[in-house]
Amino acid sequence: MIFKPLGSIGALVEWPEKIDVEILKEIGSLRQKIEKELHEVVIDIVPAYNSLSVFFNTSKIRYSSVIRKINDIYNKKGDDIIPGSKLWRIPVCYDMSFGIDLEEIARVKKMSVKEIVKLHTSVIYDVYFIGFLPGFLYLGGLPEAIHYKRRAKPRQKVLKGAVGIADAQTGIYPMESPGGWNIIGNSPFKFFSVEEDPPCFARSGDKILFYSVDLNEHKRIRKAVEMGSFKLENEVYG
Amino acid sequence: MDSHILILSPGLYSGIQDLGRKKYRSYGVPISGAMDKYSMILANNLLGNETDLPVMEITQTGPKIMFENCTLFVVTGADLSPKLNGKPIELNRVYSVVFGDILEFGKRNYGSRAYIGVKGGFKTDHILGSYSYFDGITHKSRLVKGDRLPIAFCGKNPEHSSAKVKIKKEYFKTDWLYVTKGPEFDLLTKKQTDYLFKKKFEIDALNNRMGYQLKNPIPRMKKKEIITSVLIPGTVQLTPSGKLIIMMRDCPTTGGYPRILQLTDEAINRLAQLETGDTFTFNLENVFSFLRRLAARFTDK
């Protein structure tokens, strides 16, 4: 674990540069401990694949003290907090009208669209962090058979709810946006809402399982989401 | 009691900004906030407001607005030739207005962004801890003709000081920016750092609240991408083509290009006042002297 300053406002805590569930767990545990022990001086904590950025109140504490305290907290063994995580079941419609890149992936990978969908819905994904757009979940754990390179030319417009694949990652566009991921489906769920606090249902360390719904069900759920009557199925995990 | 201002024309790009959203980055929510915080805070200070009250940020071409109630206002930042009821007014000076008074702007003399502050601040949507406009977070992302914005009520004939300050024009025409080393600075070769600190960089037409792209590429990096990590305003990313992008206030919370430099907050303020075609050099501030300077400010209190 190494420390680097983020301008004058933050401390970047870095792990080796890889996507690794063990690192995710360490980051989650350290984050929880910092939230508990340093809440008086810390403004916000932002996890990513191999880093935790700790933004602190510069009028209360200085960088050197922050990193010393984080280091102490990290090295204090014995009281490891296992962050509680939830498993969320997320509906996705893999109809070709939404999954505009399914055909290409199927052709290149020499597999059927059905097989791609089956693989995509077969594993429990880890939420590594939220970034890029408000509510955009970076998910790890995509089966290797459907890893697929980012599009050479990003699209100007990707639909809200679009489910995409980029290399070893999968994720969902919470709002309409330009984007370079390959689109394989669409989820009717609302992934980000400023009316709620926190504004996103999941957090780093949670788990996601996708289940396939048809066009009619997608439509029905979208309506229910808009009416505020749809609740995502979830359970405490681990 | 409600007080309002009416937008008769919005100008090139105008919106409400304060010091931004600082507690929602882990949900992917950008910080946003005034591009030039110095000028934004100055507007509040001159009005006797709390420093973090929302102000109107205007860009290059100013709006035309009508006051529907008595209030005090001030214009800070860039000189876009402000006029009150057709008569030129001074920057950084508080004026009193009544119903029907019209504030408009003319020729741009220097700077890119000006700030209109009103007594007690704007009373627009407060979302996730901030008034700052951002597409997808606030209902509006920019002002349009016909918008009526609520402002604080301050009665008839509010008192105000005639205090005004003079800001040196150099503030708006800086040709160098203070930077510290970014997290991936050590990946740079000697050849690359020579380019970075000896060459002048020109601001590309691709510049907005999210980021400023620079025209002149530097030698490319062997390692083109990093695994996605955090970005903050002022982070300088080196893209695979060798071009640099400086992240600004609306930048995404994470990104995947090497972060080679970091502008100081003061440097972000100054960059926000530059425009397409302006040139500058990067001036590396030793991170330890920088932190010492901050620490000194801290212990003085």
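Along strand β4 of chain B, which side chains are buried and which are not? I began my notebook with this question, and I note at the outset that the model is a predicted one.

**Entry on β4(B).** I looked along residues 64-67 of chain B and found that the side chains alternate, with Ile65(B) and Phe67(B) pointing to one face, where they are buried. Lys64(B) and Met66(B) point to the other face and are not buried.

**Entry on the partners of β4(B).** I then looked up the strands that pair with β4(B). Strand β1 of chain B, residues 3-9, pairs with β4(B) in the antiparallel sense over four bridges, and here I found Phe67(B) as the bridge partner of Ile5(B). Strand β9 of chain B, residues 102-105, also runs antiparallel to β4(B) and is joined to it by two bridges, with Met66(B) standing opposite Ile102(B).

**Entry on the whole sheet.** Following these pairings outward, I recorded an open sheet of six strands in chain B, with antiparallel pairing and the order β7-β6-β9-β4-β1-β11. β7 (87-88) and β11 (148-151) of chain B stand at the edges, and because each has a single partner strand, one side of each is left without a neighbour in the sheet. For β7(B) I looked up that partner as well: β6(B), residues 82-84, pairs with β7(B) in the antiparallel sense over two bridges, and Leu84(B) stands opposite Lys87(B).

**Entry on the two domains.** I next noted that chain B is divided into domain 1, residues 3-168, and domain 2, residues 174-300, whose C-alpha centres lie 28 Å apart. Their contact takes 16 residues from domain 1 of chain B and 14 residues from domain 2 of chain B. On the domain 1 side, α1 (37-47) and β10 (110-118) of chain B each supply at least two residues, and β10(B) gives the most, with three residues. By class, I listed six nonpolar, six polar and four charged residues on this side of domain 1 of chain B.

**Entry on the contact between chains.** Last, I turned to chain A and found that 38 of its residues are in contact with 32 residues of chain B. On the chain B side, β15 (229-230) and α4 (287-300) each supply at least two residues, and the largest share, five residues, comes from α4(B). I sorted the side of chain B that touches chain A by class, and it has 17 nonpolar, 11 polar and four charged residues.

Definitions and conventions. Residues numbered from 1 in each chain as written. Chains lettered and ligands numbered in written order. Predicted model: local features only at pLDDT ≥ 70, side-chain atom pairs only at ≥ 80, totals over all residues. Contact = placed C-beta atoms within 7 Å. Nonpolar A, V, L, I, M, F, W, Y, C, P; charged D, E, K, R; others polar. Pairing = 2+ DSSP bridges. Domains from an automatic or database assignment. Buried ≥ 20, exposed ≤ 12 C-beta atoms within 10 Å, placed from the backbone.
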